[in-house]
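Subject: Structure for your review

Dear colleague,

Please find the structure below, handed over for your examination. My findings follow directly after it.

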Amino acid sequence: ESKYTNLYQYLSTVIESVPAGCDGVIFTPWLHGNRCPFEDPNARGMFYNLSIESGKSEMIRAVVEGVCMHMRWMLETHEKKTRTSDVVRFVGGGPLNDSTSQILADCIGRPVEVVSSPQNVGAVGAAVVVAVGLGVIEDIEQADLLIDAEKKFMPNKDNKAVYDKQYEVFKNL
């Protein structure tokens with residue numbers, strides 16, 4: 001009998017068994033090129049700083065950390081053009097795992113909120129636009145009142161310090 005009911009539970013267990021920073025292993029998530037913050041269709045993903053002691057658990061966590069570092073890079077680039085929210089709403093499949101949400105908060109140094117059913121926010125957004133168009137909702141800004149955060153993850157300053165060091169290496173890769 002398995003102790004996991006879904007892949008996210010297993011992923012969380014593996015991620016939590018490895019310390020922040022994966023003992024120096026960094027993953028660049030450009031498996032299909034990169035479009036932000038720079039355009040490079042030839043950029044490729046890689047694991048950096050692997051050693052004989054690096055195992056699959058470090059590599060799994062490094063993948064999650066690499067995606068979160070790339071999200072940080074995109075946020076910082078966007079911030080140079082326009083102010084963004086202090087709180088980030090994390091949507092899609094990633095926030096189905098609390099460990100991933102916490103890593104994102106630690107990496108970007110901002111609170112991260114997760115709504116219920118985060119993988120369906122595209123449909124919810126479309127419904128809000130339709131509701132505005134039909135006059136059911138007066139203004140698109142009222143969507144905030146309809147979509148509450150279910151969970152909130154605050155950055156861990158110790159992990160943030162680890163990610164800050166790795167982030168500089170990440171950008172150079």
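A residue is called buried when its relative accessible area is under 20%, exposed when it is over 50%, and partly exposed in between, with a 1.4 Å probe and protein chains only. On that scale Glu168 counts as partly exposed, because its relative accessibility is 42%.

Please note that this is a predicted model, in which local features need pLDDT of at least 70 and side-chain atom pairs count only at pLDDT 80 or more, whereas totals for chains, interfaces and linings use all residues. Residues are numbered from 1 along each chain as its sequence is written, and side-chain values use heavy atoms, with hydrogens and water left out.

Overall architecture

The protein chain contains 6 helices and 5 strands; these are DSSP runs numbered from the N terminus, helices being H or I with at least four residues and strands being E with at least two. Read from the N terminus, their order is α-β-β-α-β-α-β-α-α-β-α. Along the principal axes, the C-alpha atoms occupy a box of roughly 60 × 50 × 30 Å. Of the 173 residues, 34% count as buried. Among contacts (heavy atoms within 4.5 Å) with a separation of 6 or more, 73% are between residues 24 or more positions apart.

The sheet

Three strands make up an open sheet with mixed pairing, in the order β3-β4-β5. The strands β3 (88-89) and β5 (149-153) are at its edges with a single partner strand each, so one side of each has no neighbour in the sheet. Two strands are taken to pair if DSSP finds at least two bridges between them.

Strand β4 (residues 112-115) runs antiparallel to β5, and 4 bridges join them; in this pairing, Val112 has Phe153 as its bridge partner. The pairing of β3 with β4 is parallel and rests on 2 bridges, with Arg89 partnered by Glu113 of β4. Between these two strands the chain passes through helix α3 (residues 98-108), making a right-handed β-α-β crossover. Right-handed here means that, with the strands pointing away from the viewer, the path from the first strand over the helix to the second runs clockwise.

Which way do the residues of β4 point? Val112 and Val114 face one way, Glu113 and Val115 face the other, and all are buried.

The largest pocket

The largest pocket holds about 160 Å³ of space. A pocket is found on a 1 Å grid over the protein atoms alone, as an open set of points where a 1.4 Å probe fits, with protein on both sides within 12 Å along at least five of seven lines; lining residues have an atom within 4 Å of a point. Its volume is the space filled by probe spheres set on the points, which are joined across faces, edges and corners.

The lining consists of Arg89, Val91, Val115, Val121, Val124, Gly125, Ala143, Asp144 and Ile147. Two elements, α4 (121-134) and α5 (143-146), give two or more residues to this lining, and α4 supplies the largest share, 3 residues. By type, the lining has 6 nonpolar, 1 polar and 2 charged residues. In this count Ala, Val, Leu, Ile, Met, Phe, Trp, Tyr, Cys and Pro are nonpolar, Asp, Glu, Lys and Arg are charged, and the others, Gly among them, are polar.

Residues in the helices

Arg72 belongs to helix α2 (residues 56-79) and counts as buried because its relative accessibility is 9%. Leaving aside residues up to four places away in sequence, Arg72 touches Cys107, Ile108, Lys160, Tyr163, Asp164 and Tyr167. Glu168, introduced above, sits in helix α6 (residues 157-172). The C-alpha atoms of Glu168 and Cys107 are separated by 12 Å, although the two residues are 61 residues apart along the chain.

Backbone points to inspect

Cys36 and Pro37 are joined by a cis peptide bond, with omega about 10 degrees. Pro37 is in the loop between β1 (26-28) and β2 (46-48).

Asp23 is not a glycine, yet has a positive phi of about 55 degrees. Asp23 is located in the loop between α1 (7-16) and β1 and counts as exposed, with 60% relative accessibility. Ser117, also a residue other than glycine, has a positive phi near 55 degrees. Ser117 is placed in the loop between β4 and α4 and is partly exposed, with a relative accessible area of 35%.

With kind regards
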